[in-house]
Amino acid sequence: SKEKYQQLPLKDKAKVNRFVLCLNKLCNHINKKPAATTNIEDTINIVSAYEFVITADLTDSFNQRKIKSSKLPFMGFHSPFGDNYVLLRSPQGLLNQSEELEMLVKVVLHEGVKTGYVRVHADNIYVLGHTQAETVDRWERVLAALEHNNLKLSPKKTACFPNKLDLLGWIKEGKFLTPDPHRQNTLLTAQ
């Protein structure tokens, strides 16, 4: 009954209902910010030029972005179950969040991005080098910067010197790029 539900602690309410937010209505009231996001073709060309690559992805990347306290009044909502909530972390699907996430990672890894040994595309991080030792040294600098800023990597999505690297629709093997066969099949069946 509704009365029993209202008396449940939030943890138990979460077991009863899976709360899904559709941010479309909210996005209609947000202006799209012009963003200097990374160009896919540039990322493919730059990463494929290096033989030694370490790639990583942030764990729950959107959930790691905290909302500024001055913005919290805009992040509150009333649920159909009679509860009030305030989002303290960045929700995925909110307009401008992908661009803001990429900017955050670029700011944290600014040294490597500026000197050209780190490439960031969304929350994908590519650490590049001409030798294994050079790449490992650069990787350690990236890890230190991420740790200093309390950003966590996904162990499952981290690969050191992979033989085959899925690179935004391409497969990188050594110094060679080939189109991802899965994507080719999708394009062929769409025609």
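Leaving aside neighbours within four places in sequence, I125 is in contact with I54, T55, A56, L58, V105, L109, V118, R119, V142, L146 and L153. That list is a handy way into this structure, which is a predicted model.

**The cores**

I125 belongs to the largest nonpolar core, a set of 17 residues in which L109, I125, V142 and L146 touch the most other members. Several elements give two or more residues to this core: strand 1 (52-57), helix 5 (97-108), strand 4 (118-121), strand 5 (124-129) and helix 7 (132-148). A second core, separate from this one, has 8 residues, including V47, Y50, L165 and L167. As background, nonpolar side chains in soluble globular proteins tend to be buried together.

**Strand 1 and its partners**

Is strand 1 buried or exposed? Its 6 residues are all buried, so the strand is largely enclosed by the rest of the structure. F52, I54 and A56 point one way from the strand, while V53, T55 and D57 point the other way. This fits a general pattern: in a regular strand, side chains alternate between the two faces of the sheet.

Strand 1 runs antiparallel to strand 5, and 6 bridges join the two. Within this pairing, I54 stands opposite V127. Strand 1 also pairs with strand 6 in the antiparallel sense, over 2 bridges, and here T55 stands opposite A159.

Elsewhere, strand 8 (residues 170-173) and strand 9 (residues 176-179) form an antiparallel hairpin. The strand pairings described here are gathered below.

| Strands | Sense | Bridges | Opposite residues |
|---|---|---|---|
| Strand 1 and strand 5 | antiparallel | 6 bridges | I54 and V127 |
| Strand 1 and strand 6 | antiparallel | 2 bridges | T55 and A159 |
| Strand 8 and strand 9 | antiparallel | 4 bridges | E173 and F176 |In the hairpin of strand 8 and strand 9, 2 residues lie between the strands, and G174 takes a positive phi near 65°. The two strands run antiparallel, and E173 has F176 as its bridge partner in strand 9.

**An aromatic pair**

How many aromatic pairs are there? The count comes to 1 aromatic pair. F52 and F161 form it in an edge-to-face arrangement, with 5.9 Å centre to centre and 85° between the planes. The pair links distant parts of the chain: F52 sits in strand 1, and F161 lies 109 residues away in the loop between strand 6 (159-160) and strand 7 (165-167). F52 is buried, whereas F161 is partly exposed, with a relative accessible area of 22%. That value falls outside the buried class because buried means under 20%.

**The largest pocket**

The largest pocket holds about 680 Å³ of space. Its lining has 23 residues, and R65, K66, I67, K71 and Q97 are the closest to its centre. Which element gives the most to this lining? Helix 5 does, with 3 residues. Helix 5 is also among the elements that give two or more residues to the largest nonpolar core.

**A loop residue with distant contacts**

K33 is found in the loop between helix 3 (24-27) and helix 4 (40-48). Is K33 buried, partly exposed or exposed? K33 is partly exposed, with a relative accessible area of 41%. Apart from neighbours within four places in sequence, K33 is in contact with N96 and E100. K33 and N96 are 63 residues apart in sequence, yet their C-alpha atoms are 6.5 Å apart in space.

Conventions
Residues numbered from 1 in each chain as written. Predicted model: local features only at pLDDT ≥ 70, side-chain atom pairs only at ≥ 80, totals over all residues. Heavy atoms only, no water. Pairing = 2+ DSSP bridges. Core = buried A, V, L, I, M, F, W, Y, C linked by side-chain atoms within 4.5 Å. Buried < 20%, exposed > 50% of the residue type's maximum accessible area, 1.4 Å probe, protein only. Contact = heavy atoms within 4.5 Å. Phe/Tyr/Trp six-rings, centres within 6.5 Å; stacked < 30°, edge-to-face > 60°. 1 Å grid on protein atoms, 1.4 Å probe; cavity = no way out; pocket = protein on both sides within 12 Å on 5 of 7 lines; lining within 4 Å. Points joined across faces, edges and corners; volume = space filled by probe spheres on them.
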